[in-house]
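Here are some exercises to work through at your own pace, each with a solution that goes step by step. Have a look at the model first, then read on.

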Amino acid sequence: MKILVPIKRVPDPATTIRVLPDGSGIATDNVKWVINPFDEIAIEEALRIKEKQGGEVVLITIGQSTWQEQLRTGLAMGADRAILIKNDAALDSLALARILAKVIGDENPELVLLGKQAIDDDSNQVGQMLAEMLGWPQATFASKVEFADKKVTVTREVDGGLETIAFNLPAVVTTDLRLNEPRYASLPGIMKARKKELKEIPADSLGVDLAPKLKIKTLAAPPKRQAGRKVGSVQELVQVLHTEAKVI
Amino acid sequence: MGDVLIFAEHQGGHFPKTTLTAVNAGLELAKKRGGNAIAVVAGDAPEALAGEIAKYGVSKVIALAHANLKNYVADAHAAALAALVKKAGAEFVLATATAVGKDLAPRLAARLGAPMASEITAINDDGTYIRPMYAGNAMATIELDGPVKVITVRGTAFDAAKPADSAASVEKADAEIDPSAAKTEFVSFNQTKSDRPQLTEARIVVSGGRGLKSGDNFKTVLEPLVDEMGAAMGASRAAVDAGFVPNDLQVGQTGKVVAPELYVAVGISGAIQHLAGMKDSKIIVAINKDEEAPIFNVADYGLVADLFKAVPEMAEEMKKLKHS
């Protein structure tokens, strides 16, 4: 099966994020950049499907030349080749989905696997938008993906339990936390990744509308919560919750 | 112009609190943008439920009916709603960012060619919105540009709508769903069995972290306290990652966002991504043996203690308090 995995470069989840004083963005000095954790799960799932069924895993990202780094990491995990859609300007989810839809039209994968959300903008939009633009079914928040011929059955993490849906390929699946535990790139994997194909395509050569309809005007630090006080015992804790905070 | 279509999500024949939150946010948006708030209830026979939501202050309810809308699936619902939005000439579609809202709204936005704002926490008078980014470490002021806009709201950022004096009229509409937009088959819903309140609706939430050390300890150590307090149980991502509890208990950036009156964090260090899901709680209590744990920086009351001793003691104290 040919699987396309869109990935995004994001700050390491352990990074402390600071908003710049002028509100124009976040401070990026000392930020370590990684593959969005949910996209890493998507790469892992794609590799496992390929290991069972054969096929090809193609990575794609939309960003600056430096994003090659994350594509190389994914190639070192075992993906076959990668595409970097070069773009420097800020794009909204609609534009990202349009770019992906265009490339998917050329690449013709049977399955698109990607993270349920990127942990930088926390939008949780691109997979669903892409599925609609392609006219494909979607399964978001996947915790299990099973195949029988061309039919896919997906277990989804929803409010209050697990939901199971089924459809025929092609389809878009977005990954949740418990789908798998991503592998680390091995040293031979890293060596091999250097020779794998990484194609660059300028975003503006694709002929899709890139003008953002969602604009971020400014960023601000959230209101800071003041630390309270320490209590000495369980008895004191229950007492203050009852008489002072009046919540129990 | 300015009309707001509110997607009134229902589960098992009733509206969860998050739907009343969407109604209230929809009423606020309609007022600020000078339009009407119209609720939409989708289903195979949605009339009775439509009558329910009509009591909450909206100006009209549309009962959108079609056999393919019996169970929630994204493609059929997006197609039916997009057709309705165009027909009604609405400027906004609004839903709460529940699992359904998050799944549906972006697909609907793409079908309408509309920009979408996820999980907004405020509707500004000047036409902009506030939404958290980077696990809530940055609050963005954003602008949506286009004749139609799609918005999901964060359930904890708006109050639930209250019943109004009179009920709005219910209008039945047969949905139009192109067969090409009905490719998904709903197979089953496996509901987590629990007598406890829902995480997103509870007045008190007690959450456990990696400090609990095992799934068994969630049952034997944490659950007695949870039940003694009449609370909902939550967990940190670390506890979910370690396989102690299912993911639908996860509180945090990538799980549920809660803001109860009382949040008790037990054995949770307080990683950024967990704080993103609970730091708007009214009162936060942290119980952790590591006094340097970052959770103490946001806690109103902190107790540095071994949770395996403190939690059973607290359950016991709660019992005493109830009987005093």
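**Exercise 1: a network of charges**

A:Lys2, A:Glu56, A:Arg81 and A:Glu107 are linked in a network of salt bridges, a salt bridge being a side-chain nitrogen of Lys or Arg within 4 Å of a carboxyl oxygen of Asp or Glu. This is a predicted model, in which local features need pLDDT of at least 70 and side-chain atom pairs count only at pLDDT 80 or more, while totals for chains, interfaces and linings use all residues; side-chain values use heavy atoms, leaving out hydrogens and water. Residues are numbered from 1 along each chain as its sequence is written, and chains are lettered from A and ligands numbered from 1 in the order in which they are written.

Task: examine the pair A:Glu107 and A:Arg81.

- Step 1. Their side chains meet in a salt bridge at 2.7 Å, N to O.
- Step 2. A:Glu107 lies in helix α3 of chain A and A:Arg81 in strand β5 (residues 81–86) of chain A, 26 residues apart, and the pair links these distant parts of the chain. Helices (H or I, at least four residues) and strands (E, at least two) are DSSP runs, numbered from the N terminus.
- Step 3. Both A:Glu107 and A:Arg81 are buried; buried means under 20% relative accessible area, exposed over 50%, and partly exposed in between (1.4 Å probe, protein chains only).

**Exercise 2: the helix that holds A:Glu107**

Task: find how many of the 15 residues of α3(A) are buried.

- Step 1. Helix α3 of chain A covers residues 93–107.
- Step 2. Its buried residues include A:Ser93, A:Arg98, A:Val103 and A:Glu107.
- Step 3. The count is 12 of the 15, so the helix is largely enclosed by the rest of the structure.
- Step 4. Just after α3(A), A:Asn108 takes a positive phi of about 60 degrees.

**Exercise 3: two more salt bridges**

Task: place A:Glu44 and A:Arg48, then A:Glu69 and A:Arg9.

- Step 1. The closest N and O atoms of A:Glu44 and A:Arg48 are 2.7 Å apart.
- Step 2. These two are four residues apart in helix α1 of chain A, so about one helical turn separates them.
- Step 3. A:Glu44 is buried at 3% relative accessible area, whereas A:Arg48 is partly exposed at 33%.
- Step 4. A:Glu69 and A:Arg9 form a salt bridge at 3.6 Å, N to O.
- Step 5. A:Glu69 is in helix α2 (residues 68–77) of chain A and A:Arg9 in strand β2 (residues 9–11) of chain A, so the pair ties together parts that are 60 residues apart in sequence.

Methods. Expected span 1.5 Å × (residues − 1).
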